[in-house]
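The following exercises are to be worked from the sequence and the coordinates. Each task is followed by a solution in steps.

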Amino acid sequence: MQETLQTLVGGLSLGAVYALVAMGFSLVYRTMGLVNFAHADIAMIGAYAASTFYLTSKLPFAVAMVVAIAVTAAIGLVIERVLRPLENKDFDLMLIGTIGFGIVLQAVAILIWGTTGRAVRSPVRSAPLDLFGVRVRTYDLLVMAVAALAVLGLAWFLARTKRGAAMQAVAMDHEAATAVGINVGRSNALAFSIGAGLAALAGGLVGPMLYVDASLGGALGIKGFAAAMLGGFGSIPGAVVGGLAIGVLDSYAAGHFQGYSVLVTFLVFTAAIMIRPMGVFGERTVSRA
Amino acid sequence: MKLSVKGPSATRAGGLAAIAVAAWLLPYGLGSYSIHVVNIAIIYALLAIGMGLAMGISGQINLAQVAFFGVGAYTLAILTTDSGYGFWAAAVIAVLATVATGLFVGIPALRMQSHYLGIVTLGLALGFINWITNASVTGGADGISGIPLPTLPGIDLSSEYLYYYLELVVCAFGLGFGLFVVRTSLGRRLRAMRDDSLAAGAMGAEIPLLRMTAFLLASLYGGLAGVLYAGLIRYVAPETFSIGNMFILLAMVIIGGRRSLVGCVVGAVGLTLIREWLSDFSTYAQLGYGVVVVLMVVFAPTGLAGIPSRVREFAHRRRRSHTEDRARLRPFQPYEAVETPDAADEPLLEIRSVTKDFRGLRALDDVSLTVRPGEIRGIVGPNGSGKTTLFNVISGFYRATSGQVRFGRRATTTARPYALSLLGVARTFQNLRLFGQLTVRENILVALDRTRTYTIWQYAVWQPGVVRRERQLRRQAQELLERFGLTDFAEAAPGSLPYGIQRRIEIARAMASRPRLLLLDEPAAGLNGEEVQQLARIVRSIRDSGTTVVLIEHNMGLVMSLCERVTVLSSGGVIAEGTPAEVVAAPEVIEAYLGDSAMADVPLPEPAPRQAPAGPTQASASAEASASAEAPASKEATR
Amino acid sequence: MRTMRTIPFRRTAAPAAGTPATLAVDDLSVHYGGVRAVSSISFSVEPGASVGIIGANGAGKTSTLKALMGLVPRGGGSITLGEHDLTRVRARAMVRHGIGYVPEGRHVFPGLTVEKNLLLGAYARRWDAETRATLAEVHELFPVLGEMGQRLAGALSGGQQQMLSIGRALMAKPRILLLDEPSMGLSPKLVGEILSALKRLREEGMSLLLVEQNAKLTFGATSHCLVMENGSVAMTGTSEELSRDVRVRQIYLGL
């Protein structure tokens, strides 16, 4: 029982990070119908940037995160601008284009930060809490809190602001959105940069939990993808549920299957997605033909 | 100038011979390290061919190709070092194991496409990498060494120079087989599926099996490459099968040209050599591939292989003015009339109280309809009245919410489009669904091909059977092209042709399957007066040849002159049925069309065959009529 | 040049109407891949007037309207609204120049609430007290939109979606409203409701350009009509005259 709870808590904090990655995917998918394969590498760049500003430039952790988010949001703008000619035309080509950007970003990361990774010390120094016999690291709590804030912030943006509503309108019907005066290109660019910012947030947060190196994006990205699909691509609550589910599944698999955890995670995921391709919260209306 | 004396096939044979000789002589000019690099390049070429077959030819995004590569190499390594198999026996098992893996990875393709498929295949590849890095049977991160040398009588394969020839032969066979597949029945169907899987299904292609076939082919090449790799290096370790290498493989295929197998080979060999050449600057090289992939995707999506045809197209456009008058649409040659079956025969198509709902929206409401053999039935009604939905139900694209459809003597309410096509139902589409990347002739050939997918066993064991069938199909295609007057456009891309010609190609393609029932969805949309008259002649001849015709049409003149009976739909229900004259006079019909029953009281002049307006043609069909065609939620849930 | 002049009979402020102005379309053409869908069509809509374009499916009505909006490339000709030249204005800027557009097939935003849909209609304006006032006016015109404010637009019936689509266009306070086949797929009763809403808009001084297949609806809602056939104007006249003209029916049925 104790052990199960411990696994659960460990899974939830990583799951919160996956949920952030999944949310970025979902936002871009929802507005553009595109799965951004460079997303994982943007998260990796975010992790590196945050750790550099935190460790090397000695900025406070929170400030380092904000700067990293700004940097990656700018990268998101560039990607969207370059691939814009393909929007609403050939999604397979766009997908390959984002993979191309992923390759570029990985090379850039190696050029700037080298091939050796780095460990990031936790910005929270206090000792782990003991809740009913389960040890919870304070940093894990911080991660969950920040992720929850980001989810609420995004939900608020989409539900309560004019731009957020417009962004969703573009996703549903870009011609009608044009007719009410929305600049579809600019709205997509904004969605892309918010998505990139979320990736950086996830990358920055995961830094002190894992080891930061060029392969970080791969691990984070593919699980974020899986989380987004499991929850239902394009759905924000789906991203959260999917992220937590993958996190828990992952930590359970790591506990019970050790080295085969990734294999087990993806076999379970594939089976789940075969049974329900649209995910838990997915709607057919959102996924485009 | 000498070349112009020879025919194109002689030129091609000459070119092939030159390449063969160059390949044969290549090792004499290379050092021992260079030949090693070339050997690696050939292995990547095999991998790229498999990837091209799945992604470029079949349109199935496959990011698990390195995993197939790995399964082949690891199976061979384990069997030879652990279980004591000989190299060649292990190689056969390894390839079979890879194909089995390929079929497993392909299962998700039955339910999802595009991005989703990319993620699932990538995830499975990652799972595989995770397994080989951690399992003890695979030697973990250290990998497996001590793989025995493959033996061939009289050839010492420990020499990389001689191994080169082994690889060369395998790769040449692999490329030859791949090109054979692409240019014959199977490849044509795969390409048709890539261009438009719905239309391909309506032409009798079994889409689920074809998707699996795409993965089967990709994994076959992956397995072969794995075996050759294990035999060459005699050591396998996880880093060879990393996601990074997967993406480089993807770059090879995109840069070379995913739709051309030769392009894939060129991309693979070229990129491997460049990668080796730049090995001291590998990170910059990686940066370079990434940038090139992005640029290619935006500016040259067909890759290097597509550049010659783009240049040709450009040159062609410049001197189009005097070539255009040579190609023309020739007159349709009528079919030989056969005895039409008795009108007393049992109905060919019977629809009994069919209802179709889309998320609360009722598109068809208790529609019943009976069509007898030999009839030309018109279906008319205002925009959004459910006509195209009805066609989609009949042809298996939609499943009726309730009610029954019977074709011939069978209940076909739940039949899939390919099954209906094989039973003898053919259709055209309101917005034209020709296979855009296939020539007109190939479009016809796809529909002519009536074989089931399982006949692809012939590709494995009896290729002459494939060739014989191909010859027969091509003869029939030529006949059909001549009948429909399309011979001048046989090798053209459909999208480059005028709208009226495309409409005719669609009818020819539908007739290629020799259907018993032909469904025409607005065949006159966008046609000018002359073309409408030709259409009327064609439809009559099709009926006289024994095919029953049901057509949706807005041009009432055409309906009046062509149809014996007309069914009128409005708001999803049948509001009238009868002869054209009866229907046009019915107040319900006038009201449905003009919204005003009072106007029905105005006397109508005698219906006469409509004189063609001399005005310009108009082709707004795609814009005007798209709403009724875009009914929500097609059968493909997550495409 | 076939230019039609109509005389406004009344000028009061319509709900959600900006200052009215004359829409003049001169010599507009549309081409799709070398094929001409609409050939040099000209007409004008005076402030407060209501003009219909009718014709059979495929006659080029929707293409005309889409070209007017800039949603498909305009192949020559000019468009002016009052003193503003809109010939080169992009689709997304048309609403700022006072063009309200109700697309064919309604095109509401299905996953957003009815209220969000309406507010997005006012995207080009500032969301303030005045927007709220416009919203109230739209609710008054279509009470059902007020009642169902928090429902998702995708869950509405076809008729309600049509009202929402019209309401959304009104939220921008347009100087003229373009409607593309508002009757499509609706039952006669619902068509009647749309007609009475259009009549009311007209009475309150809103300029209308109505593209329709349903001639009865169009004759009831407009004072003048153009009948299109094969991409050009086959007939023009007052709605009154045309409703009695047997040729309209011939053009429709293609006889």
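**Exercise 1. Determine in which sense strand 8 and strand 9 of chain B pair, and place the pair in its sheet.**

Solution. The model is a predicted one.
Step 1. Strand 8 of chain B and strand 9 (residues 517–521) of chain B are joined by three bridges, and the pairing is parallel.
Step 2. For a residue-level register, take B:Arg427: its bridge partner in strand 9 of chain B is B:Leu519.
Step 3. In chain B, the order 8-9-10-5-11-12 describes an open sheet of six strands with mixed pairing.
Step 4. Strand 8 (425–427) and strand 12 (573–578) of chain B each pair on one side only, and they are the edge strands. From one strand to the next, the twist averages 20°.
Step 5. Helix 21 (residues 529–544) of chain B lies across strand 5 (376–380), strand 9 and strand 10 (548–552) of chain B. Relative to strand 10 of chain B, helix 21 of chain B runs at about 145°.

**Exercise 2. Describe how helix 17 of chain B packs against helix 20 of chain B.**

Solution. Two packed helices are described by the angle between their axes and the distance between the axes.
Step 1. The axes of helix 17 (residues 440–448) and helix 20 (residues 499–512) of chain B come within 7 Å, with a crossing angle of roughly 30°.
Step 2. Angles under 35 degrees count as roughly parallel, and therefore helix 17 of chain B is roughly parallel to helix 20 of chain B.
Step 3. The crossing of helix 17 of chain B and helix 20 of chain B is right-handed.
Step 4. Helix 17 of chain B contributes B:Val440, B:Asn443, B:Ile444, B:Ala447 and B:Leu448. These meet B:Ile505, B:Ala508, B:Arg509, B:Ala510 and B:Ala512 of helix 20 of chain B.
Step 5. Sorted by class, this contact of helix 17 with helix 20 of chain B has eight nonpolar residues, one polar and one charged.

**Exercise 3. Identify what chain B presents to chain A.**

Solution.
Step 1. Chain B supplies 39 residues to the contact and chain A supplies 41 residues.
Step 2. On the side of chain B that touches chain A, the elements giving two or more residues are helix 5 (114–134), helix 10 (243–256) and helix 12 (282–299) of chain B.
Step 3. Helix 5 of chain B gives the most, with 14 residues.
Step 4. The residues on this side of chain B comprise 25 nonpolar, 12 polar and two charged.

**Exercise 4. Is C:Leu226 buried or exposed, and which residues does C:Leu226 touch?**

Solution.
Step 1. C:Leu226 belongs to strand 9 (residues 224–229) of chain C.
Step 2. A residue is buried if 20 or more other C-beta atoms lie within 10 Å of its own. C:Leu226 has 25 C-beta neighbours inside 10 Å and therefore counts as buried.
Step 3. Leaving aside residues up to four places away in sequence, C:Leu226 touches C:Phe43, C:Ile53, C:Val233 and C:Thr236.

**Exercise 5. State which way the residues of strand 6 of chain C point, and how strand 6 is paired with strand 7 of chain C.**

Solution.
Step 1. From strand 6 (residues 99–102) of chain C, C:Ile99 and C:Tyr101 point one way, whereas C:Gly100 and C:Val102 point the other way. All are buried.
Step 2. Strand 6 of chain C runs parallel to strand 7 (residues 176–180) of chain C, and four bridges join them.
Step 3. One partner assignment places C:Val102 opposite C:Leu179 in strand 7 of chain C, as its bridge partner.

Notes:
Residues are numbered from 1 along each chain as its sequence is written. Chains are lettered from A and ligands numbered from 1 in the order in which they are written. This is a predicted model: local features need pLDDT of at least 70, side-chain atom pairs count only at pLDDT 80 or more; totals for chains, interfaces and linings use all residues. Two residues are in contact if their C-beta atoms, placed from the backbone, lie within 7 Å. Ala, Val, Leu, Ile, Met, Phe, Trp, Tyr, Cys and Pro count as nonpolar, Asp, Glu, Lys and Arg as charged, and the others, Gly among them, as polar. Axes are lines fitted to C-alpha atoms, for helices over the stretch in contact, and angles run from 0 to 180 degrees between N-to-C directions. Angles under 35 degrees count as roughly parallel, over 145 as roughly antiparallel, 65 to 115 as roughly perpendicular and the rest as oblique. A crossing is left-handed if the near helix is turned anticlockwise from the far one by less than a right angle, and right-handed if clockwise. A residue is buried if 20 or more other C-beta atoms lie within 10 Å of its own, exposed if 12 or fewer, and partly exposed in between; C-beta atoms are placed from the backbone. Two strands pair if DSSP finds at least two bridges between them.
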